[in-house]
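Me: I should like to work through this structure by question and answer. Please give the reasoning before each result.

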Amino acid sequence: MLLAAFFATAIEVIEMVAIVVGVGVARSWRASLVGASAGLVVLAVLVAALGTAVRNVPLTPVRLIVGALLLVFGLQWLRKGVLRVAHDGWGVGHTAPDFDSADSGERGFDWTGFVLSFKGVSLEGLEVAVIVVAFGAAAAAVGSAVVGAAAAVIVLGAIGGLTYRLIARIPRRALQLFVGAMLTTFGTFWAGEGLGVAWPGGQLALLALGAVYVVAALGLLTVVRHWRSDAEQRTARPRSAAAPSPSRMHR
Amino acid sequence: MSRVLRGVRAFVMFWIDFIIGDDWTVAATVAIALLGTWGLTHAGVVAWWLLPLAVLAVTAVSLRRAVGREVREDSQSQPSLR
């Protein structure tokens, strides 16, 4: 039961940790951790109030709302990431502050980072709670299921905590592109689940969606550079035509 | 304006910015794709492909528009030839 609960909750915990670490590195650690803590507090209150009745909480509308919000916000980041990397390359934003610091919440508390982590942790935490109660009730061993789930949170949370330094080395614009792709992936998957979509391969569809979005974003980098040079040539032509030619100036 | 009204306004503006951002057509397309997915799924049609397809299409279209806007702004900000 202990191992079953560990592995059953591991995927939900990985999703939770990925969002908290991604938002923390790309935007603000303070906002991300406060959002995650607030999500855990809300979850603890919900579980304490409902007990085993937490199984009856309707997850479908929660998945749809959280997924749709993550999707539209993730897309904003993905587009900005593609535009900026296409414009300035991958390296900008590594040490020097980015020109668009408003995105990273440097003007005070970053409420956007807070909301992203809060939603990720409360939705995934709720799913963990439902799994624990379902597994525990089925085998009449809620205690073991709780220990298994807690172990998954501690182990995977520690891995997330250890890897954040590696992630922090990625330049901010590249990070914006990849975190945007990750949020878009989770958003698409959860919103689809909320609408009753049966994803091929179940949770493995997350990996496929993520790969498709990342490959598409990398392809769009080339396309956007091409569009930009085309548009620059188009705007340069009328300007040079309007400018007086040197021969006419000598007359 | 009272502090409460300012707070409510800031709250509403935060969510508008969070959902709509700088291109309202992206949020609108996602909303239409969600409705389409819901409709197809409830009609018994396999519809998992619709949302990712809409996401990819709207991203490309929105980027195309953004590039045109950026280039226009860049050319206007350059000093004119005299």
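Me: Which residue follows α2(A), and what is the sign of its phi?
Reply: In this predicted model, the residue that comes after α2(A) has a phi near 60°. The sign of that phi is therefore positive, and the residue is G51(A).

Me: How far does helix α2 of chain A reach from its first C-alpha to its last?
Reply: The helix covers residues 29–50 of chain A, 22 residues. At 1.5 Å a residue, 32 Å is expected. The reach in the model is close to that value, at 31 Å.

Me: Why do the buried residues of α2(A) lie on the same side of the helix, and what arc do they cover?
Reply: The buried residues of α2(A) are A31(A), S32(A), G35(A), A36(A), G39(A) and V47(A). They lie on the same side of α2(A) because the arc they cover around the axis is only 135°.

Me: Which exposed residues does the face of α2(A) turned away from its buried side carry?
Reply: A residue counts as exposed if 12 or fewer other C-beta atoms lie within 10 Å of its own. On the face of α2(A) turned away from the buried side, the exposed residues are A44(A), V45(A), A48(A) and A49(A).

Me: How many helices and how many strands does the secondary structure of chain A come to?
Reply: From the N terminus on, the elements of chain A run α-α-α-α-α-α-α-α. The count is eight helices and zero strands.

Me: What percentage of the contacts in chain A with a separation of 6 or more is between residues 24 or more positions apart?
Reply: Chain A has 251 residues, of which 44% are buried. Among its contacts with a separation of 6 or more, the share from residues 24 or more positions apart is 89%.

Me: Which elements of chain A give two or more residues to the side that touches chain B?
Reply: The contact involves 36 residues of chain A and 29 residues of chain B. On the side of chain A that touches chain B, 25 residues are nonpolar, seven polar and four charged. The elements that give two or more residues to this side are α3 (59–88), α4 (111–139), α6 (172–194) and α7 (205–242) of chain A.

Me: Which element gives the most to the largest nonpolar core?
Reply: The largest nonpolar core has 80 residues. Those touching the most other members are V20(A), L70(A), V72(A), V82(A), V132(A) and V30(B). With 14 residues, the element that gives the most to this core is α3(A).

Me: Which residue of chain B is in contact with V82(A)?
Reply: Neighbours within four places in sequence are left aside here. V82(A) is then in contact with L177(A), A217(A), L220(A), L221(A) and V224(A) of chain A. From chain B, the contact is L63(B).

Me: Is G120(A) buried or exposed?
Reply: G120(A) is found in helix α4 of chain A. Not counting residues up to four places away in sequence, G120(A) touches M16(A), I19(A) and V20(A). Because G120(A) has 27 C-beta neighbours inside 10 Å, and 20 or more suffice, it counts as buried.

Me: Is Q76(A) buried or exposed?
Reply: Q76(A) is found in helix α3 of chain A. Since 25 other C-beta atoms lie within 10 Å of Q76(A), this residue is buried.

Me: Which residues does F189(A) touch, not counting residues up to four places away in sequence?
Reply: F189(A), in helix α6 of chain A, is buried because it has 26 other C-beta atoms within 10 Å. With residues up to four places away not counted, the residues touched by F189(A) are G67(A), W199(A), A205(A), L206(A) and L209(A).

Me: Over which residues of chain A is the pLDDT under 50 or below 50?
Reply: The mean pLDDT of chain A is 81, and 86% of its residues reach 70 or more. One stretch under 50 has seven contacts beyond four places in sequence, and this is residues 94–102. The other stretch has one contact beyond near neighbours in sequence, and this is residues 246–251.

Me: Which element of chain B has the highest mean pLDDT?
Reply: The mean pLDDT of chain B is 88, with 93% of its residues at 70 or more. Among the elements of chain B, helix α1 (residues 3–19) has the lowest mean, 83. The highest mean, 95, belongs to helix α2 (residues 24–42) of chain B.

Me: What ipTM does the model score?
Reply: Two scores are given for the model as predicted. The pTM is 0.77, and the ipTM is 0.87.

Definitions and conventions
Residues are numbered from 1 along each chain as its sequence is written. Chains are lettered from A and ligands numbered from 1 in the order in which they are written. This is a predicted model: local features need pLDDT of at least 70, side-chain atom pairs count only at pLDDT 80 or more; totals for chains, interfaces and linings use all residues. Helices (H or I, at least four residues) and strands (E, at least two) are DSSP runs, numbered from the N terminus. The expected span of a helix is 1.5 Å times one less than its number of residues. The arc is that of the directions from the helix axis to the C-beta atoms. Two residues are in contact if their C-beta atoms, placed from the backbone, lie within 7 Å. Ala, Val, Leu, Ile, Met, Phe, Trp, Tyr, Cys and Pro count as nonpolar, Asp, Glu, Lys and Arg as charged, and the others, Gly among them, as polar. A nonpolar core is a set of buried Ala, Val, Leu, Ile, Met, Phe, Trp, Tyr and Cys residues joined through C-beta atoms within 7 Å. pLDDT is the predictor's confidence in each residue, from 0 to 100.
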